[in-house]
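Let's take a friendly walk through this fold, helix by helix and then strand by strand. Have the structure open and follow along.

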Amino acid sequence: MSKTTPPDGLIELIEALLLVQRRPLTLSELQQAVGGETPPALLEAALLALQQRYAQHRYINLRQSGSQTQPQWQLVADQSLAPYLAGQTDIKPAKLSRAAH
């Protein structure tokens with residue numbers, strides 16, 4: 001494994017972090033979330049891998065915003081899904097019966 005090849009699980013961890021956030025995350029926020037000892041170059045390599053993965057996805061995009069010196073990343077649904085997702089941000093899970101617990 002080279003110095004810029006993300007270790008197993010790092011790409012998926014970053015993907016999960018981006019999925020659960022409602023706002024874009026900076027590289028330093030991602031580094032703090034995965035462990036401060038993770039070099040920024042590995043995080044950038046993982047983000048590049050995610051960017052390539054989501055470039056093929058039809059309805060979910062990895063959006064990069066912010067400035068060149070302070071970029072931010074966020075996974076977002078494609079605008080074409082807006083009519084279907086409008087008002088769906090607070091969907092509550094179904095309540096399970098006692099037997100299901």
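At what angle do α1 and helix α2 pack, and how far apart are their axes? Before the answer, please keep in mind that this is a predicted model.

## Where α1 meets α2

Helix α1 covers residues 10-20, and helix α2 covers residues 27-34. The two pack at an angle of about 115°, and their axes are 11 Å apart. Angles of 65 to 115 degrees count as roughly perpendicular, so α1 and α2 fall into that class with respect to each other. Their crossing is right-handed.

If you would like to display the side of the contact that belongs to α1, pick Leu-10, Leu-13, Ile-14, Leu-17 and Leu-18. On α2, the residues to show are Leu-30, Ala-33 and Val-34. Sorted by class, this contact has eight nonpolar residues, with no polar and no charged ones.

## Where α2 meets α3

Helix α3 spans residues 40-55. It packs with α2 at an angle of about 105°, with the axes 10 Å apart, which makes these two helices roughly perpendicular as well. From α2 the contact takes Leu-27, Leu-30, Gln-31 and Val-34, and from α3 it takes Pro-40, Leu-43, Glu-44 and Leu-47. Here the residues divide into six nonpolar, one polar and one charged.

Leu-30 and Val-34 of α2 are worth a second look: they take part in the contact with α1 and also in the contact with α3.

## Two residues to zoom in on

Is Leu-27 of helix α2 buried or exposed? With a relative accessibility of 17%, Leu-27 counts as buried, because the cut-off for that class is under 20%. Setting aside neighbours within four places in sequence, Leu-27 is in contact with Pro-40, Leu-43, Glu-44 and Leu-47, and also with Pro-71 and Trp-73. The last two, Pro-71 and Trp-73, bring in strand β3, which holds residues 71-77. Another pair to locate is Leu-27 and Ala-41: they are 14 residues apart in sequence, and their C-alpha atoms are 10.0 Å apart in space.

Thr-38 sits in the loop between α2 and α3. At 12% relative accessibility, Thr-38 counts as buried too. Not counting residues up to four places away in sequence, Thr-38 touches Leu-10, Gln-31 and Leu-43. Of these, Leu-10 is part of the α1 side of the contact with α2, while Gln-31 and Leu-43 both belong to the contact of α2 with α3.

## The sheet and its helices

Now for the strands. Three of them form an open sheet in the order β1-β3-β2, with antiparallel pairing. β1 (25-26) and β2 (60-66) stand at the edges with a single partner strand each, so one side of each is left without a neighbour in the sheet. β2 and β3 form a hairpin with four residues between them, and seven bridges join these two antiparallel strands. One bridge to find is that of Gln-64, whose partner in β3 is Trp-73; Trp-73 is also a contact of Leu-27.

How do the helices lie on the sheet? α1 lies across β1, β2 and β3, running at about 70° to β3. α3 lies across β2 and β3, and runs at about 135° to β2.

Notes. Residues numbered from 1 in each chain as written. Predicted model: local features only at pLDDT ≥ 70, side-chain atom pairs only at ≥ 80, totals over all residues. Heavy atoms only, no water. Pairing = 2+ DSSP bridges. Contact = heavy atoms within 4.5 Å. Axes fitted to C-alpha atoms, helices over the stretch in contact; angles between N-to-C directions. Parallel < 35°, antiparallel > 145°, perpendicular 65-115°, else oblique. Left-handed = near helix turned anticlockwise from the far one by under 90°. Nonpolar A, V, L, I, M, F, W, Y, C, P; charged D, E, K, R; others polar. Buried < 20%, exposed > 50% of the residue type's maximum accessible area, 1.4 Å probe, protein only.
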